[in-house]
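Good morning, colleagues. I ask for a few minutes of your attention, and I would invite you to keep the display in view while I speak.

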Amino acid sequence: MPDIKEDYILHFDIWKLDDEKLEACFAIFPNGKRILKRVNEVRKVYPQSTEIDDETLLNKLNQLNENIEIVLQAFGDQALIELNREKSSTKKCRVYRGSETLRCEVFKNADPPTIHLDDALSEIIKKHCGGEGYEALFFLSEPLYQLVGCDYTVSHWIAWAMVENEYDTDPYYEAFELYKMKAEAGWSDEEQFVYINSSVFSEDELVLAKSISP
C-alpha cells in the first residue's frame, strides 16, 4: 500500500490538475465525461443569495420530493419507498432566512430530503455501472464533498451523472438549484423546510470567498 501522504494527494490534489490531465483522470471512471461535465459546472458556480420568494423555494422542495419518489419507485426498494413517503408526507412547510448560526440551529435535528435516496445511491450506481461504478463513487465521495464545500447532496448530484441516462428524472437537480441560491432543504420530525442564507458578507469575507473560489 502507498504511504498515507500519497493517498491524501491522490484524493485532494486532483483539483489542481490542468484540464487535460483532469480529463484523463475522469476517463478512468464509468461515464467519466459526464461526471467531469458536472464537476466543471459546479466549479464555475459562485453560490449567492438572491431575492427569492417563499413560494418559489417551497416549489423546489416539492419538486425535489417528487423526483426522489419517482427514482426510488423505479429502483424498487420498497422499504426505502415507505420510509421516504412517510417523511415527505409531513404537511408543515416553511422557509428559514438567516445566518450560518440559524442554519446550524435548524439542521441540528434535521436531515436532507435526499437521505433515503443517499442510502440507495451506491446500489443504484452498482446496478447500472457494476463494481467499477461502486468503486468510483467510493473514491470520488470525499474529493467531491470537498469540492462543493462539504455538501454531500451536491456531490451526489455530480455522481448521479454515472446513471443519468438510466432514469427520466434527475433526483438531485433541485438540490443543486437550491445550492446555487445558497439555500438547502431539510426534513425534521415536525416539518419540511428550506433554509436560505440571507446574511450580508463583510468586505473581508467577500475577499476571502473570492480568494478560495475555483
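A residue is called buried here when its relative accessible area is under 20%. Please bear in mind as well that this is a predicted model.

Let me begin with a single residue, His116, which belongs to helix 7, residues 115-147. Is His116 buried or exposed? Its relative accessibility is 11%, so His116 counts as buried. Which residues does His116 touch, if those up to four places away in sequence are not counted? They are Leu72, Leu80, Leu83, Asn84 and Trp187.

One of these contacts, Trp187, leads us to the strands, since strand 2 comprises residues 183-187. Strand 2 pairs with strand 3 in the antiparallel sense, over five bridges. Within that pairing, Ala185 stands opposite Val194 of strand 3. The two strands form a hairpin, and four residues lie between them.

Strand 3 has a further partner in strand 1, residues 93-98. Here the strands run parallel and are joined by six bridges. Tyr96 is found opposite Tyr195 of strand 3.

I turn finally to the surroundings of strand 3. Why may we describe strand 3 as largely enclosed by the rest of the structure? The reason is that six of its six residues, 192-197, are buried. Both of its faces are covered. On one side we find Gln192, Val194 and Ile196, and on the other Phe193, Tyr195 and Asn197, all of them buried.

Thank you for your attention.

Technical notes: Residues are numbered from 1 along each chain as its sequence is written. This is a predicted model: local features need pLDDT of at least 70, side-chain atom pairs count only at pLDDT 80 or more; totals for chains, interfaces and linings use all residues. Side-chain values use heavy atoms; hydrogens and water are left out. Buried means under 20% relative accessible area, exposed over 50%, partly exposed in between (1.4 Å probe, protein chains only). Two strands pair if DSSP finds at least two bridges between them. Contact means heavy atoms within 4.5 Å.
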